[in-house]
Amino acid sequence: MTMVDPIADFLTRIRNGGMASFDKVEVPKSKIKLSIAKLLQSEGYISNYELAEDSKQGKIIIYLKYNGDKTPVIKGLKMVSKPSCRVYSGYDKIPKVLNGLGVNIISTSKGLMTDRDARRMKIGGEIICSVW
């Protein structure tokens with residue numbers, strides 16, 4: 001069975017793992033998922049990630065991060081751009097997530113980056129998802 005939207009599956013696994021209080025979640029490996037995991041770690045939404053090999057394409061193990069009272073750091077994940085409706089924005093029109101408390105992940109000509117970096121570098125692109 002083929003997967004229509006692997007990025008949505010990736011985000012859903014993270015969201016469900018946080019709601020179920022899992023320590024880690026495993027997702028199939030791809031370059032874009034690896035880039036999103038790097039951004040989530042650098043922004044402090046996950047504690048760590050590592051690569052594991054298997055007989056297929058490999059997998060990414062994502063270690064989720066929780067606050068002191070065992071609530072997940074990631075309160076919400078939302079797909080913005082979907083396969084049926086892509087959402088593009090110029091650097092000056094990129095929306096803020098919760099007035100700057102969250103982050104948009106944007107695919108640009110310079111690779112994946114956060115909305116703050118895209119505004120600073122004056123680069124627009126496709127808004128992949130929002131995290132808060």
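This is a short dialogue on reading side-chain contacts and backbone features in a predicted model.

Reader: Let's begin with cysteines. How many disulfides does the model have?

Author: A disulfide is a covalent bond between the sulfur atoms of two cysteines. In this structure the count is 0.

Reader: Why is there no bond at Cys85?

Author: The closest cysteine sulfur to that of Cys85 belongs to Cys129, and it is 15 Å away, too far for a bond. A disulfide needs the two sulfur atoms within 2.5 Å. Looking from the other side, Cys129 has its closest cysteine sulfur in Cys85, again at 15 Å.

Reader: Are these two cysteines buried or exposed?

Author: Take them one at a time. Cys129 is buried, at 0% relative accessibility. Cys85 is partly exposed, at 46%.

Reader: On to charges, then. How many salt bridges turn up in the whole structure?

Author: Side chains of opposite charge can pair when their charged atoms come close. Here the search over the whole structure gives 7 salt bridges. One of them joins the side chains of Lys59 and Glu26, with 3.3 Å from N to O.

Reader: Which elements do Lys59 and Glu26 belong to?

Author: Lys59 is in strand β3 (residues 59-64), and Glu26 is in strand β1 (residues 24-28), so this pair ties together parts that are 33 residues apart in sequence. As for their surroundings, Lys59 is partly exposed at 23% relative accessibility, and Glu26 is partly exposed at 37%.

Reader: Which residue does Arg116 meet in a salt bridge?

Author: Its partner is Glu43, at 2.9 Å from N to O. Arg116 sits in helix α3 (residues 115-121) while Glu43 sits in the loop between α2 (31-42) and β2 (46-52), so the contact ties together parts 73 residues apart in sequence. Arg116 has a relative accessible area of 37%, which makes it partly exposed. Glu43 is partly exposed too, with 29%.

Reader: And what about Asp117, in that helix as well?

Author: Asp117 forms a salt bridge with Arg120, at 2.9 Å from N to O. Both residues lie in helix α3, and their separation of 3 residues is about one turn of the helix. Asp117 is partly exposed, with a relative accessible area of 24%, whereas Arg120 is exposed, at 59%.

Reader: Now for rings. How many aromatic pairs does the search find?

Author: The number for the whole structure is 0. A ring can still be read for a contact with a charge, and Tyr66 offers a case: the charged end of Lys70 sits over the Tyr66 ring, 4.3 Å from the ring centre.

Reader: Which residues form a nonpolar patch on the surface?

Author: Leu98, Leu101 and Trp132 do, and together they have about 330 Å² of accessible area. Leu101 is a good residue to find on your screen. You will see it in the loop between β5 (88-89) and β6 (103-108), and it is exposed, with a relative accessible area of 68%.

Reader: Let me ask about the backbone. Where does phi take a positive value in a residue other than glycine?

Author: Most residues other than glycine have a negative phi, and most peptide bonds are trans. Against that background, look at Ser21, where phi is near 60°, and at Asn99, where phi is near 55°.

Reader: Where do Ser21 and Asn99 lie?

Author: Ser21 is in the loop between α1 (6-19) and β1. Asn99 is in the loop between β5 and β6, and Leu101 of the nonpolar patch lies in the loop between those two strands as well. Ser21 is partly exposed, with a relative accessible area of 36%. Asn99 is exposed, at 76%.

Reader: One last feature: how do I read a contact between residues far along the chain? What separates Lys122 and Asp92?

Author: Compare the sequence separation with the distance in space. Lys122 and Asp92 are 30 residues apart along the chain, and their C-alpha atoms are separated by 7.6 Å. Lys122 is in the loop between α3 and β8 (125-131). With 57% relative accessibility, Lys122 counts as exposed.

Key
Residues are numbered from 1 along each chain as its sequence is written. This is a predicted model: local features need pLDDT of at least 70, side-chain atom pairs count only at pLDDT 80 or more; totals for chains, interfaces and linings use all residues. Side-chain values use heavy atoms; hydrogens and water are left out. Buried means under 20% relative accessible area, exposed over 50%, partly exposed in between (1.4 Å probe, protein chains only). Rings of Phe, Tyr and Trp (its six-membered ring) pair if their centres lie within 6.5 Å; planes under 30 degrees apart count as stacked, over 60 as edge-to-face and the rest as tilted. A charge sits over a ring if NZ of Lys or CZ of Arg is within 6 Å of the ring centre and within 35 degrees of the ring normal. Patches are made of residues with over 30% relative accessible area and no salt bridge: like charges are joined within 9 Å, nonpolar side chains (Val, Leu, Ile, Met, Phe, Trp, Tyr) within 5 Å. Accessible areas come from the Shrake-Rupley method with a 1.4 Å probe; for residues, only the protein chains shown count as cover. A salt bridge is a side-chain nitrogen of Lys or Arg within 4 Å of a carboxyl oxygen of Asp or Glu. Helices (H or I, at least four residues) and strands (E, at least two) are DSSP runs, numbered from the N terminus.
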